[in-house]
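Welcome, and thanks for opening the viewer. Let's walk through this model together, one selection at a time.

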Amino acid sequence: MSLAVTGATGLVGRFFVEEALARGEPVTILGRTPPPPGFFSAPTGFRPYALGDRPDLSNLDALVHCAFSHLPGRYRGGEGSDPAGFAAANLDGSIALFETARAAGLRHLVFLSSRAVYGHYPPGTALTETLTPYPDTLYGEVKARAETALLSLATDSFAPLALRATGVYGPAGPGRPHKWQTLFDDFRQGRPIAPRRGTEVHGADLAAAARLLRDAGARGVFNVSDILLDRHDLLALVAEAEGIPHPLPPRSDAAVSAMRCDRLAAFGWTPGGLARLTATIPALCRPCPAN
């Protein structure tokens with residue numbers, strides 16, 4: 001088998017690359033420029049690609065599409081002052097890639113979608129794949145429409161998958177900040193931290209989900225979520241790891257709509273839960289100072 005990945009050097013895309021490399025699967029990066037030397041744990045191939053292109057996908061079995069054009073650091077609201085350009089790049093560009101993949105004879109295409117497709121459902125709703133998408137942002141709308149376009153291309157020999165991922169955490173690539181870098185820095189400096197809680201999944205568990213579904217020949221939409229995490233509990237782990245004396249933010253009492261992952265669990269997916277978060281914290285932190 002051979003895999004191509006778009007958005008491979010981003011926080012999420014790199015987990016799909018590393019999972020494949022660990023299994024000895026050849027990986028080709030599709031991007032504007034090759035990844036920096038040593039960015040991944042093993043060599044990869046490279047083919048030029050930008051959203052809207054119809055790239056060379058010959059001699060590949062599967063594609064994971066993570067690339068997404070947005071303002072730096074923003075997904076929801078990532079369109080800025082150009083919603084038409086945002087939709088054209090991300091929706092039309094993704095559809096062009098989906099069509100190219102099917103025409104090239106790929107067997108599997110995994111699209112990184114988002115829990116944002118459920119945006120309008122009231123807080124506390126148990127979100128399942130049977131619910132009709134109800135986005136409240138352009139980001140969620142683009143993801144939902146891209147899902148629909150992808151699934152319409154399914155054939156007996158082309159199995160499309162859309163993974164509705166919640167927030168994804170884990171170590172970033174070399175020289176890159178992780179998703180909580182600013183939060184951790186604010187906590188280190190004793191700045192006020194607003195209460196918040198939400199759902200998270202480790203990037204390696206997300207990549208494992210894609211592998212399970214590919215191996216099973218699955219198709220369709222799957223929720224991917226693991227833990228409900230309060231900033232109070234996250235920063236308590238950081239305080240312990242680094243010896244930070246600052247007070248923790250209060251716990252949030254906000255209702256959270258968590259995605260149910262029964263459909264994915266039926267394929268044997270078992271995420272790492274709080275134990276994986278705890279084990280990951282040292283890789284996201286500075287060493288605790290010696291006494």
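**Stop one: two helices side by side**

Start by selecting helix H2 (residues 83-103) and helix H3 (residues 138-151) in this predicted model. Their axes make an angle of about 20°, and angles under 35 degrees count as roughly parallel, so H2 and H3 are roughly parallel to each other. The two helix axes are 10 Å apart, and the crossing of H2 with H3 is right-handed.

Now show the side chains where they meet. From H2, pick Pro83, Phe86, Ala87, Asn90, Leu91, Ile95 and Phe98. Their counterparts in H3 are Leu138, Tyr139, Val142, Arg145, Ala146, Ala149 and Leu150. If you colour this contact of H2 with H3 by class, you will find 12 nonpolar residues, 1 polar and 1 charged.

**Stop two: the sheet of seven strands**

Keep H3 in view and add strand S5 (108-114), strand S6 (159-165) and strand S9 (220-224). H3 lies across these three strands and runs at about 160° to S5. Next, select helix H5 (residues 203-216). H5 also packs on this sheet, where it touches S1, S4, S5, S6 and S9, and its direction makes about 155° with that of S6.

In what order do the 7 strands of this open sheet stand? Read across it and you get S3-S2-S1-S4-S5-S6-S9, with parallel pairing. S3 and S9 stand at the edges with a single partner strand each, so one side of each has no neighbour in the sheet. Turn the view a little to look for the twist, which averages 20° from one strand to the next.

Zoom in on strand S1 (residues 3-6). Is S1 covered on one face or on both? Both faces are covered: Leu3 and Val5 are buried on one side, and Ala4 and Thr6 are buried on the other. In a regular strand the side chains alternate between the two faces of the sheet.

Step from S1 to strand S2 (residues 27-31), which pairs with S1 in the parallel sense over 4 bridges. Select Ala4 and you will see Thr28 of S2 opposite. One more step takes you from S2 to S3, again a parallel pair with 4 bridges. Here Ile29 stands opposite Phe46 in S3.

**Stop three: two loop residues**

Two loops are worth a visit. In the loop between strand S3 (45-48) and S4, select Asn59. The relative accessible area of Asn59 is 71%, and exposed means over 50%, so Asn59 is exposed. Check the backbone there too: the phi of Asn59 is near 60°, a positive value in a residue other than glycine. Most residues other than glycine have a negative phi.

Then move to the loop between strand S4 (62-65) and H2, where you will find Phe68. Is Phe68 buried or exposed? With a relative accessibility of 15%, Phe68 counts as buried. Try drawing a distance from the C-alpha atom of Phe68 to that of Phe40: the two are separated by 20 Å and lie 28 residues apart along the chain.

**Stop four: the sheet of three strands**

Now select the open sheet of 3 strands, in the order S7-S8-S10, with mixed pairing. Its edge strands are strand S7 (167-169) and strand S10 (227-230), each pairing on one side only. Neighbouring strands in this sheet are turned by 55° against each other on average, direction ignored. H5 appears here as well, touching S7 and S8, with its direction at about 60° to that of S8.

Strand S8 (residues 197-202) pairs with S10 in the antiparallel sense over 4 bridges. To see one partnership, select Thr199 and its bridge partner Leu228 in S10.

**Last stop: a second helix pair**

Finish with helix H4 (residues 181-188) and helix H6 (residues 231-242), which pack at an angle of about 65° with axes 11 Å apart. Their crossing is right-handed. Show Leu183, Phe184, Phe187 and Arg188 on H4, facing Arg231, Leu234, Leu235, Val238, Ala239 and Glu242 on H6. This contact has 7 nonpolar residues, no polar ones and 3 charged.

While you are in H6, select His232. At 18% relative accessibility, His232 counts as buried. Leaving aside neighbours within four places in sequence, His232 is in contact with Leu248, Pro249, Pro250 and Arg251.

Conventions:
Residues are numbered from 1 along each chain as its sequence is written. This is a predicted model: local features need pLDDT of at least 70, side-chain atom pairs count only at pLDDT 80 or more; totals for chains, interfaces and linings use all residues. Side-chain values use heavy atoms; hydrogens and water are left out. Axes are lines fitted to C-alpha atoms, for helices over the stretch in contact, and angles run from 0 to 180 degrees between N-to-C directions. A crossing is left-handed if the near helix is turned anticlockwise from the far one by less than a right angle, and right-handed if clockwise. Contact means heavy atoms within 4.5 Å. Ala, Val, Leu, Ile, Met, Phe, Trp, Tyr, Cys and Pro count as nonpolar, Asp, Glu, Lys and Arg as charged, and the others, Gly among them, as polar. Angles under 35 degrees count as roughly parallel, over 145 as roughly antiparallel, 65 to 115 as roughly perpendicular and the rest as oblique. Buried means under 20% relative accessible area, exposed over 50%, partly exposed in between (1.4 Å probe, protein chains only). Two strands pair if DSSP finds at least two bridges between them.
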